[in-house]
Amino acid sequence: MAVNLVNVENVSKVYGTRALLDGVSLGVSEGDRIGVVGRNGDGKTTMIRLLAKLEEADTGRVTHSGGLRLGVLTQHDSLDPAATVRHEVIGDMADHEWAGNAKVRDVLTGLFGGLDMPGFPQGLDTVIAPLSGGERRRIALAKLLIEDQDLVVLDEPTNHLDVEGIAWLAAHLAARRSALVCVTHDRWFLDQVCTRMWDVQKGAVYEYEGGYSDYVFARAERERIAATEEVKRQNLVRKELAWLRRGAPARTSKPRFRVEAANELIADVPPPRDSSELMKFASSRLGKTVFELEDVTVQAGPKVLLKHVTWQLGPGDRIGLVGVNGAGKTSLLRAMAEAARSEGETQPVGGRVSVGRTVKLAYLSQEVAELNPALRVLEAVQQVRERVDLGKGREMTAGQLCETFGFNKEKQWTPVGDLSGGERRRLQLLRLLMDEPNVLFLDEPTNDLDIETLTQLEDLLDGWPGSMIVISHDRFFVERTTDRVFALLGDATLRMLPRGIDEYLERRHAMEAGASASVAAVAAAVSAKPAGKSAAESRAAQKELQRIERQLDKVSERERKLHDQIAVNATDFAKVAELDAELRGLAGEREELEMRWLELAEDE
């Protein structure tokens, strides 16, 4: 029988005149993997802070089991700025001790890309004070994960992690024995890690079995049975439900309730987007040319990020852009945006970016634009436009669009200076869409947005007729809003990935395996030969290793050419299918060569 670790009994918490939690009772047991969702400001963070005894409840009580080992990641770390990374993460462990610890090696490699912590100026001996908030957060997460706990409580752990880091963290947490309570807006992460959900709404906490996908089904069923008055929210849930059922199969592997009734909700729901209709509308607004890159080279200071890129963004294209941090995703968007703003006068260091005459670009950067803090929310939106045409006969007033983005009538009269970070992000998005652009560049649009706001944004983008590039570490958002994925793998090239983010992660793992294999080869070359192996046998093995390396280079070159051909023939689906089949064959060939290479390297 599972041991109860934490009990929350009839807990209430009031801020000002608002009750964030009202008579909430729940518990956490051994083995629980709980995801916490809800709108920004509804009490998610307050809930887990009470759970961890970082705050006191106004009424009720929170009890921990005796000797509970608790690890908490809050949104503000308590690291010593004068300390080094080594001191905070590894403590007093000797080098041979931590290097021999599999958990420490796994955490450092997963969160920082290697034991030498590439990207940090002095590796483990880097002083914390000058580091960015994202770097400090990863250090705090590493410190927590290296320790042993009975319960881990995490508040937005995926913030500042890239796609690979999020995939690693999901696998790591799924394999841990400790119980977990996690607040996050990353829906893919919730599906991978959690087996229960807490939905914090208007002072209450609703419990559901399963991960995020199961929660969507269950919430739709609960709202159908309760016949709530929140018709607007229910329609959004139904639309997302349709996406989940029609999208990647087996998103929900553990249904623990009656799914049939939920399925009735989507029997007559069309696909989220009518791609052909949107493409036709986008072409009429944009013409044939949107952005065309010819032999473009992009630099950040002296560092060359992309070389000789030839690519085009066509009318109605919805592109997801993924890649390792520092590979040049944001720099590429900035180069394209500069060319658009200057009407082609400003160009990258090499090549040329051509921009269509009718392009009206809106660029959501990672920095939140400063607005007059004295302005009311509605006034800030009306500054741009009073009404907005969303396409296909849909029109909204500034007030209606504000409500769609979570600013109710009362909130619309709140001064901008009083908004939270997430609310400012929502306002920035709202103002961009209000200006009726026909091309959108969205750089990390999901930062600070809660899941409900994300579904509303996705709903708006479903009917938005234009071209779009999305950079995001939120895998669910990328898959939900875009049709094709391109990747920057850190080798100064831009590649189309027919199988999307799954293919991106596979390629990154293969690159890391290749790098590890190269290190192993060097080590093998300088080490003593195994006893009993003749010099002739060793020479023969070395020759075969070199032959395989040449073959791997040829396979890599062929893969690069195939990716280029796929990009050129992107609209010829038969040709793309043919090229993709050849690409998959090369992937199998590469795997066989790498396996043989590793066998020989181990024998040497």
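Reader: Which residue is the bridge partner of Ile34 in S7?

Author: In this predicted model, the partner of Ile34 across the bridge in S7 is Val181. The pair belongs to strand S3, residues 33–37, and strand S7, residues 179–183, which are joined in the parallel sense by four bridges.

Reader: Into what sheet do S3 and S7 fit, and in what order do its strands stand?

Author: The sheet is open and has six strands, which follow one another in the order S5-S6-S7-S3-S8-S9, with mixed pairing. At its edges stand strand S5 (70–73) and strand S9 (204–209), and because each has a single partner strand, one side of each is left without a neighbour in the sheet. From one strand to the next, the twist averages 15°.

Reader: Which helix packs on this sheet, and which strands does it touch?

Author: Helix H1, residues 44–51, packs there, and it touches S3, strand S6 (151–155), S7, strand S8 (196–201) and S9, while its direction makes about 155° with that of S6. When you look at the strands beneath a helix, keep a general idea in mind: in a regular strand the side chains alternate between the two faces of the sheet.

Reader: How should I read a pair of packed helices, for instance H4 and H5?

Author: In general, two packed helices are described by the angle between their axes and the distance between the axes. Here helix H4, residues 102–112, and helix H5, residues 133–146, pack at an angle of about 160°, and their axes lie 10 Å apart. Angles over 145 degrees count as roughly antiparallel, and H4 and H5 are therefore roughly antiparallel to each other. Their crossing is right-handed.

Reader: Which residues of H4 and H5 meet?

Author: From H4 come Lys103, Val104, Val107, Leu111 and Phe112, and they meet Arg138, Ile139, Leu141, Ala142, Leu145 and Ile146 of H5. Sorted by class, this contact of H4 with H5 holds nine nonpolar residues, two charged residues and no polar ones.

Reader: What do I find on following strand S10, and which residues stand opposite Phe291?

Author: Strand S10, residues 291–300, runs antiparallel to strand S11, residues 303–313, and seven bridges join the two. S10 and S11 form a hairpin with two residues between them, and in the turn Gly301 has a positive phi of about 65°. S10 is also joined by five bridges to strand S13, residues 350–355, again in the antiparallel sense. Phe291 accordingly appears in both pairings, for it stands opposite Leu313 in S11 and opposite Val355 in S13.

Technical notes:
Residues numbered from 1 in each chain as written. Predicted model: local features only at pLDDT ≥ 70, side-chain atom pairs only at ≥ 80, totals over all residues. Heavy atoms only, no water. Pairing = 2+ DSSP bridges. Axes fitted to C-alpha atoms, helices over the stretch in contact; angles between N-to-C directions. Parallel < 35°, antiparallel > 145°, perpendicular 65-115°, else oblique. Left-handed = near helix turned anticlockwise from the far one by under 90°. Contact = heavy atoms within 4.5 Å. Nonpolar A, V, L, I, M, F, W, Y, C, P; charged D, E, K, R; others polar.
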